[in-house]
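Okay, thanks for coming, everyone. I'd like to walk you through one structure today, so let's put it up on the screen.

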Amino acid sequence: MQRELAALAFVATACAAPLFPVTAQAAEVEVVRAARLLDVATGKYVDRPQVVITDGRISAVGKAGDAVPAGATVVDLPDATLLPGLIDMHVHLDSVAEIGGYNGLQYSDAFWSVVQTANAKRTLEAGFTTVRNVGSENFDDVGLREAIDEGYVPGPRIVTATYAIGATGGHCDQTFFPPSMNQKSPYNVDSPDEGRKVVRTLKKYGAQVIKICATGGVFSHGDEPGQQQLTLAEMQAIVDEAHMAGLKVAAHAHGAAGIKDAIRAGVDTIEHASLVDDEGIKLAVQKGAYFSMDIYNTDYTQAEGARNGVLEDNLRKDRDIGEVQRENFRKALKAGVKMIYGTDAGVYPHGTNGKQFAVMVRYGATPLQAIQAATLTAAQALGRDKDVGQVAVGRYGDLIGVFGDPLEDITTLEEPVFVMKGGAVVVRP
């Protein structure tokens, strides 16, 4: 019996052994060299940098002439300035700026889930390697995020909000239709308890950030941007539930009262902040809330909105708050409010996200402040500053290259000549 057991053990061991020697898979290594690299934390340039990316993350930041790992793919950009991949904190990838008003009703529901893939590609090629999609129907953004992460379609890293949460009849409800059509958002809330349940439901189906509509809006019907639409108690319940689940909260808020109650409720980022008053600015500084102020898109909507089918009432509201918002951006920035780069792309064409940099500089930001809003500060607001926002060891290999000096000419960021996401080249000169 012992001889038989020994024989069985030998056979089992032999069967478990591989027929061929097993070797570890070699790491994928890319090396990027350029004329200089902007350190977004200090505003200083590093001459002749050499960035090493191993398996999608930065493993070394040195100088040209340093040792190059064996088998590495080398990208030389002798005339380019390197920066971290850019971050847009407010996009709607399943929206199309050229289709406004009621024109969208001629398309099927599935149309928007398809065109978002093209919008994602344009956004990535424009140098925005990370975006926060703050409002999407049919969980389109979750599907897109999954497809990008699995490598089926190109696009930026997406932080998904799924549906925006609003009050019945408010900005995030369906407000363009008569009662006979019975159109409404499935995620309206009209009490604190309803707010808590919706947060749980959206997280269940893929929300990575919670978006609420605290006030009226520009491109909704039957309300005004300054009107508060969620109560303080409703916002507090939503924020409490989201934070308990580890999710941050973004609040669409144009009006002064809604902005202040959103900040009091503990909201992390205020979107638009168009009509903020001095008290609201002071609260934002005290509480550490970030402002995401989309101060470029009025240029596009006023020039092209009517042609795209946007209703005159919406264009009127856009005109009413456009310049006020820009001056309040100047005031809030000067007061020390933390600014993040959010464009509302979808209201204007995707892929032109970089046009807002110049407007930020025109209204008081230094070029470095504008760049930090789309890199370092945005990453902090996302809670992902260990992954994105800087060219530093441990971060993803997300890089862009531009010709020229962005600290002297911020418009160089509108058309990057090199884009890399996670070590994969997307755009090259």
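Here's a question to start with: which residue in E4 is the bridge partner of Thr54? Have a look while I remind you that this is a predicted model. Right, the partner in E4 is Arg57.

Let's stay with those strands for a bit. E3 covers residues 49-54, and E4 covers residues 57-63. The two pair in the antiparallel sense, over 6 bridges. Together they make a hairpin, with 2 residues between the strands. If you look at the turn, you'll find Asp55, and its phi is positive, about 50 degrees.

E3 has another partner too. That's E1, residues 29-39, and again the pairing is antiparallel, this time over 5 bridges. To find your way around there, look for Glu30, which sits opposite Ile53 in E3. And how covered is E3? Mostly: 5 of its 6 residues are buried.

Okay, over to the helices. H5 runs through residues 232-244 and H6 through residues 256-265. Their axes are 8 Å apart, and they pack at an angle of about 40 degrees. At that angle, H5 and H6 are therefore oblique to each other. The crossing is right-handed.

So who's touching whom? On the H5 side we've got Leu232, Met235, Gln236 and Val239. H6 brings Gly258, Asp261, Ala262, Arg264 and Ala265. Sort the residues of that contact by type and you get 5 nonpolar, 2 polar and 2 charged.

Methods: Residues are numbered from 1 along each chain as its sequence is written. This is a predicted model: local features need pLDDT of at least 70, side-chain atom pairs count only at pLDDT 80 or more; totals for chains, interfaces and linings use all residues. Side-chain values use heavy atoms; hydrogens and water are left out. Axes are lines fitted to C-alpha atoms, for helices over the stretch in contact, and angles run from 0 to 180 degrees between N-to-C directions. Helices (H or I, at least four residues) and strands (E, at least two) are DSSP runs, numbered from the N terminus. Angles under 35 degrees count as roughly parallel, over 145 as roughly antiparallel, 65 to 115 as roughly perpendicular and the rest as oblique. A crossing is left-handed if the near helix is turned anticlockwise from the far one by less than a right angle, and right-handed if clockwise. Contact means heavy atoms within 4.5 Å. Ala, Val, Leu, Ile, Met, Phe, Trp, Tyr, Cys and Pro count as nonpolar, Asp, Glu, Lys and Arg as charged, and the others, Gly among them, as polar. Buried means under 20% relative accessible area, exposed over 50%, partly exposed in between (1.4 Å probe, protein chains only). Two strands pair if DSSP finds at least two bridges between them.
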